[in-house]
Amino acid sequence: MQLVKKHIHICTTLLGVWITYHLIGVTCPILFFTGQICPTCGSTRAILSLLRGNFKMYVSYQPMAIPLVIAVVLCIHLQFIKKPLKEISAAIVGATLFLNTVFYILRL
């Protein structure tokens, strides 16, 4: 039950933030406030392209989109994962964040 409440809270918060930004016309808060693309820039477009079956556009927008989604899901559930898998999950999250950082630096 605690996991369900956590999911509802996170989804509600993210939806509220997205609606607020949408209403004021901000597509990416990091780009809006700093003028620089964010490390996850293009993830939404990449996932939508992948859902449409356009792998070429997925790679051109943000090839780390799916690994980043997996890393976020693992982070949310890390406290519920048992000991041996917890360390593997943490390593996957760390590797994904490292690779995304490298990709981000190369994109700049």
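**Helix α5 and the pocket beside the helices**

What covers the buried residues of α5 includes α1 (2-24), α3 (43-51), α4 (55-61) and α6 (83-107). The buried positions in question are A65, L68, A71, L74, I76 and H77. All of this comes from a predicted model.

The geometry of α5 itself holds no surprises. The helix takes in residues 65-77, and its 13 residues should span 18 Å at 1.5 Å a residue; the end C-alpha atoms sit 19 Å apart, which agrees. Helix α1 gives a similar story: with 23 residues, α1 reaches 33 Å from its first C-alpha to its last, close to the 33 Å expected at 1.5 Å a residue. Just after α1 comes G25, with a positive phi of about 85°.

Stepping back to the whole protein chain, there are six helices and zero strands. Read from the N terminus on, the order of elements is simply α-α-α-α-α-α. The C-alpha atoms fill a box of roughly 40 × 30 × 30 Å along the principal axes. Of the 108 residues in the chain, 21% are buried. As for how the chain meets itself, take the contacts with a separation of 6 or more: 44% of them are between residues 24 or more positions apart. On the outside, the chain exposes about 7900 Å², and carbon and sulfur atoms supply 74% of that area.

Then there is the matter of open space. The largest pocket holds about 1300 Å³. Its lining runs to 31 residues, and those closest to the pocket centre are L14, W18, T40, S43 and T44. Which helix gives the most to this lining? That would be α1, with nine residues. Helices that each supply at least two lining residues are α1, α2 (29-34), α3 and α5. So far as chemistry goes, the lining of the largest pocket counts 22 nonpolar residues, eight polar ones and one charged.

Put side by side, the two parts of the picture share some helices. Both α1 and α3 are among the elements that cover the buried residues of α5, and α1, α3 and α5 each put at least two residues into the lining of the largest pocket. Helices α4 and α6, for their part, also belong to the cover over the buried residues of α5.

Definitions and conventions
Residues numbered from 1 in each chain as written. Predicted model: local features only at pLDDT ≥ 70, side-chain atom pairs only at ≥ 80, totals over all residues. Heavy atoms only, no water. Helix = DSSP H or I, 4+ residues; strand = E, 2+ residues; numbered from the N terminus. Expected span 1.5 Å × (residues − 1). Buried < 20%, exposed > 50% of the residue type's maximum accessible area, 1.4 Å probe, protein only. Contact = heavy atoms within 4.5 Å. 1 Å grid on protein atoms, 1.4 Å probe; cavity = no way out; pocket = protein on both sides within 12 Å on 5 of 7 lines; lining within 4 Å. Points joined across faces, edges and corners; volume = space filled by probe spheres on them. Nonpolar A, V, L, I, M, F, W, Y, C, P; charged D, E, K, R; others polar. Areas by Shrake-Rupley, 256 points an atom, 1.4 Å probe, with all protein chains shown as cover.
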